[in-house]
Structures are given as C-alpha cells and as structure tokens.
Amino acid sequence: MKACFDPRFTPTVAWWRCFVVKEKAVLFKRDPAKKLRKSYKAKMEAAMHAMRQGDVRSNAMLVAEAEKIKEELDRLEGATQ
C-alpha cells in the first residue's frame, strides 16, 4: 500500500486500486453541516410548537439552543468557504 503513493512507483493494477479507493473515500465523505442544519430545523420546529401551546419558557430555551447550533453552523460554513 505504501508504494501506491510513492512518486517513483510505476502505474500498475495495484496503483489503480489505490486510486479508486482514494476516490471513493472522497466521494462518500459526509457533510458535517448537514447534521447541524437538521438539528437546527428540529429545534426551531419544537420551539414553534411550544409557542403555539403557550409554553413561552420552553420556547425561549429551545430558541436559545437553536441559536447556539446556528452559530456553530455559520462558523463551520464560513471555514469551508
């Protein structure tokens, strides 16, 4: 496997296998921001339902948690751009 990344290594079938494995790893890399977006959306929906039921305290706590998630999401997306 070490020979796959050696610049003096001649292209062979073994080299091609290493290339394909490396490309698959990049292809199926998970987006960390996707999980945060989903969590943010769930918190905001829960806050909306709490407000509709008249539970202002729960709404405020859920919105505060959602704002923390949003800040982290913005920081993560700002770092990738």
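Before I start, one term: when I call a residue buried I mean under 20% relative accessible area, when I call it exposed I mean over 50%, and partly exposed is whatever lies in between. With that settled, let me take you through this structure, which is a predicted model.

I will begin with the overall layout. The protein chain contains three helices and zero strands, so that is the α-α-α pattern you meet if you read along the sequence. Of the 81 residues in the protein chain, 14% are buried. The chain exposes about 7200 Å², and carbon and sulfur atoms supply 60% of that area. If we take the contacts between residues at least 6 apart in sequence, 42% of them join residues at least 24 apart.

Now please look at helix H2, which runs over residues 32–52. With 21 residues at 1.5 Å a residue, H2 should span 30 Å, and its end C-alpha atoms are in fact 31 Å apart, which agrees.

Which residues of H2 are buried? They are Ala33, Leu36, Ala47 and Ala50, and because they cover an arc of only 110 degrees around the axis, they sit on the same side of H2. As a general point, an α-helix has 3.6 residues a turn, so residues three or four places apart point the same way. On the other side of H2 we find Lys34, Lys35, Lys38, Lys41 and Arg52, and these are exposed.

What covers the buried residues of H2? The cover includes helix H3, residues 56–80. Between these helices I would point out Gly54, which follows H2 and has a positive phi, near 90 degrees.

A good residue for seeing how H3 meets H2 is Leu62, which lies in helix H3. Leaving aside its neighbours within four places in sequence, Leu62 is in contact with Lys43, Ala46, Ala47 and Ala50. Two of these, Ala47 and Ala50, you will recognise from the buried residues of H2. Leu62 and Ala50 are twelve residues apart along the chain, and their C-alpha atoms are separated by 8.8 Å.

Let me turn to the charged side chains, where the count comes to four salt bridges. One of them joins Asp31 to Arg37, with the closest N and O atoms 3.6 Å apart. Asp31, at 43% relative accessibility, counts as partly exposed, and Arg37, with a relative accessible area of 37%, is partly exposed as well.

Arg37 also meets the side chain of Glu77 in a salt bridge, at 3.3 Å from N to O. Since Glu77 lies in helix H3 and Arg37 in helix H2, this pair ties together parts that are 40 residues apart in sequence. Glu77 has 27% relative accessibility, and therefore counts as partly exposed.

A further salt bridge is formed by Asp74 with Lys70, whose closest N and O atoms are 3.9 Å apart. Both Asp74 and Lys70 lie in helix H3, four residues apart, which is about one turn of the helix. Asp74 is partly exposed, with a relative accessible area of 41%, and Lys70, at 33%, is partly exposed too. Turning back to the earlier pairs, salt bridges that share partners join Asp31, Arg37 and Glu77 into one network.

To close, the two things I would ask you to keep in view are the buried side of H2, whose cover includes H3, and the salt bridge between Glu77 and Arg37, which ties H3 to H2.

Definitions and conventions: Residues numbered from 1 in each chain as written. Predicted model: local features only at pLDDT ≥ 70, side-chain atom pairs only at ≥ 80, totals over all residues. Heavy atoms only, no water. Buried < 20%, exposed > 50% of the residue type's maximum accessible area, 1.4 Å probe, protein only. Contact = heavy atoms within 4.5 Å. Areas by Shrake-Rupley, 256 points an atom, 1.4 Å probe, with all protein chains shown as cover. Expected span 1.5 Å × (residues − 1). Arc of directions from axis to C-beta.
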